[in-house]
Amino acid sequence: MAGLIPEKVIEKVRSNVNIVDVISQYVSLEKKGKDYIGLCPFHQEKTPSFTVNEDKQFFKCFGCGKGGNVFKFLMYKDNLTFPESVKQVAEFAHIKLSGNFTKPKVSNTMTLMFQDATEFYHHVLLTTNAGRRGLRYARKRKMSDEILEHFQIGYAPKQDNLLLTFLRGRNYKDDDLFRSGLFVESKDGRLFDRFRDRLMFPLGNESGYVIGFSGRRISNDKTVAKYINSPETKLFNKSKVLFNFSEAKKAAKQEGHLVLYEGYMDVISAYKAGVKSGIASMGTSLTDQQIYMLKRVTKNIIINYDGDEPGVHAEERATKMFQKAGGFNIGVVVLPDGLDPDEYVKKYGAEKYQDEVKGAFTATDFFLKRLAKKYNLNNDREKIVYLDEAVKVIAKLTNPVEQDLYIDKIAKAQGVSKASLKANLIKQQRRERTANRHKGSNYDNSLPTPELQDLTPPTPTDAPEDEKGDRDPVQTRLLYLFIHSTHAKNYLLKKKFLFPDKDYAKLAELWLKFSESHENPEINSFLDFIPEELQGIIVSAEMADMPDDFTENEIDEQISALHMRKINSKLDELKNQLNDARRKTDTEEIIKITQKILNLKRIQGKKEAF
């Protein structure tokens, strides 16, 4: 299973990384006892069930069932082969690999095609006559070589077949070229480059692999769309993609937050201004899937859309979406003079912009300021309405300190007593509690509760069978002892014990072979050399927090429990046969089956009458 990579190299890579550090690039982990807990990156959930055990260097999601070691995590997350995952972990650990195995066969043709297309567009922009037009536009937008290199920005020339010719020269098949979304098909079946005369922004997935493009019009022809994105493909779903996400996640660990922008140029301008944690949605409204992606990485989100009215309105919508999802600490930047981040940086400079980000409003402050603009606060009638609405906003807060802070702010700003606002706040909270009680009492209990539905983790259809639920706990315990204790292993072999389940039996056989061929056999290494369909049993056993100490009496009891289970199963089968025989009044068969039942009862040691 390890392909061309020597086993010693695999072990070196594994022993030089901490699985917590690798997974933390994808999931915000919180230490709970001896484990780390976070939101699963493989399925959407409200309550964290994704667990990482640092001591054993294993992960497991108790919601969807996926689990394994550090290599398995990347194989799941990035759709990698085993050699590719080893290479990626080696890069993370700054371990230089040498030999042919450093270039494993790419498992995804589309991923390789997008990588080649990215390099093509980038090369055209920087080194060819055809790219001069694009480079002039990039320079006009103040993009340095460092920026063009970091974001791998390129240029799609005006010609309609340059990329097609290049990729065909790389031996890609026309069916794959069409499925990539990089080309359009004419009525007579010919392919043409989809992107022409556009500055090209590669769009990466969470791990940084390019899965699509967005092309920015550089001509002044306003009849042509300003931006066009790759169409939806097997790899590219714009509702699940955030520009610069893979790089921003790394920066977020230093900056303490992610900054959400409307457009790519805003992210790039912020990057030039020293804000490296910028991300942007794909020119569309924020989606629930994107919010979940962010929640797995950090709870601290700063929203900085354009400073004009549509931009601020979009910030309001996004803030409400984050609040509905829950668990976020939201900051909102509203730039003056209706400027977008790109314009603000150009006008006021990097330092001023960083101050704006640091001074972001809280979500409540932002809503209260938006609310105040709707009323003429010099008019007492409108001021009263404003204060009533402001109290409703504050009443939604659950933290009494926050409530007191904003009550105090409004009282001072509007020249009213804090006591009067607090009295209104108490009334509003009472009304909301009453309304919630009525809502609950009128609720149709026959209908499923959405919250409970959301908390029920789905069983993924692509999960191996052994990952869809815990297997036999008795056999799991015996296998755990068989692997971790030489004494237990020898005791089981001496008793000529055989695991009833073929998968457990196969794992025991494989462990014997593995331990005989390795001087110091490790369970983490063993995982990489067994069939994928059996790996879930090992992961479940390792994550079950089983004690290493045992007695021979415990083993005997476990074996006895398995024998009893077999007898009980056979008794159930015979009782069904007995009922059939009685229904048919087959006296001979009744006597025969009854004798079998009595024999099993004696073995079982039970004396009850059947």
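## Cysteines without disulfides

Let's start with the cysteines of this predicted model. How many disulfides does the model contain? The count comes to zero. A disulfide here requires two cysteine sulfur atoms within 2.5 Å, and C61 does not qualify, because the nearest cysteine sulfur, that of C40, is 3.6 Å away. C61 is also a buried residue, with a relative accessible area of 0%.

C64 is in no disulfide either, and here the nearest cysteine sulfur belongs to C61, 3.8 Å away. Is C64 buried or exposed? C64 is buried, at a relative accessible area of 3%.

## The stretch annotated as a zinc finger

These cysteines bring us to a database annotation. An unreviewed UniProt entry places a "zinc finger region: CHC2-type" at residues 40–64. In the model, residues 40–64 are 32% strand and 0% helix. The C-alpha atoms at the two ends of this stretch are 8 Å apart.

## The antiparallel sheet

Next comes an open sheet of five strands, arranged in the order β1-β2-β3-β4-β5 with antiparallel pairing. Why is one side of β1 and of β5 left without a neighbour in the sheet? Both β1 (30–32) and β5 (67–68) stand at the edges and have a single partner strand each, so one side of each has no neighbour there. A helix also joins the picture: α25 (residues 532–543) packs on this sheet and touches β3 (50–53), β4 (58–61) and β5. The direction of α25 makes about 100° with that of β4.

If you would like to trace the pairing by eye, try β1 and β2 (residues 35–38), which are joined in the antiparallel sense over three bridges. Within this pair, E30 stands opposite I37 of β2.

## The mixed sheet

Another open sheet has five strands in the order β13-β12-β14-β15-β16, and its pairing is mixed. Its edge strands are β13 (278–280) and β16, each of which pairs on one side only. Helix α13 packs on this sheet, where it touches β12, β14 and β15. The direction of α13 makes about 165° with that of β14.

For a closer look, follow strand β12 (residues 258–261) and strand β14 (residues 300–303), which pair in the parallel sense over three bridges. One spot to look for is L258, whose bridge partner in β14 is I301.

## An enclosed helix

Why is helix α16 largely enclosed by the rest of the structure? Eight of the 10 residues of α16 (residues 363–372) are buried, so the helix is largely enclosed. The buried residues are A363, T364, D365, F366, F367, L368, R370 and L371.

And what covers them? The cover includes the helices α13 (309–325), α17 (380–395) and α18 (400–414), along with the strands β15 (329–332) and β16 (361–362).

## A buried alanine

For a single-residue view, turn to A138 in helix α6 (residues 132–140). A138 counts as buried, with 0% relative accessibility. Which residues is A138 in contact with, leaving aside its neighbours within four places in sequence? The contacts are M143, L148 and L199. For L148, 10 residues away along the chain, the C-alpha atom is separated from that of A138 by 8.4 Å.

## Two loop residues with positive phi

H94 is not a glycine, yet it has a positive phi of about 60°. H94 is found in the loop between α4 (82–92) and α5 (109–127), and it counts as exposed at 74% relative accessibility.

K496, also not a glycine, has a positive phi of about 55°. Where is K496 found? Its place is in the loop between α22 (486–494) and α23 (502–517). At 71% relative accessibility, K496 counts as exposed.

## Domains and the annotated coiled coil

Now for the wider view. The protein is divided into domain 1 (7–93), domain 2 (106–236), domain 3 (374–434), domain 4 (473–550) and domain 5 (562–608). The C-alpha centres of domain 3 and domain 4 lie 64 Å apart.

UniProt, in an unreviewed entry, lists residues 564–591 as a "coiled-coil region". In the model, residues 564–591 are 89% helix and 0% strand. The end C-alpha atoms of this stretch are 24 Å apart.

How values were computed:
Residues numbered from 1 in each chain as written. Predicted model: local features only at pLDDT ≥ 70, side-chain atom pairs only at ≥ 80, totals over all residues. Heavy atoms only, no water. Pairing = 2+ DSSP bridges. Helix = DSSP H or I, 4+ residues; strand = E, 2+ residues; numbered from the N terminus. Contact = heavy atoms within 4.5 Å. Axes fitted to C-alpha atoms, helices over the stretch in contact; angles between N-to-C directions. Buried < 20%, exposed > 50% of the residue type's maximum accessible area, 1.4 Å probe, protein only. UniProt positions renumbered as here; feature names shortened; annotations may be inferred. Domains from an automatic or database assignment.
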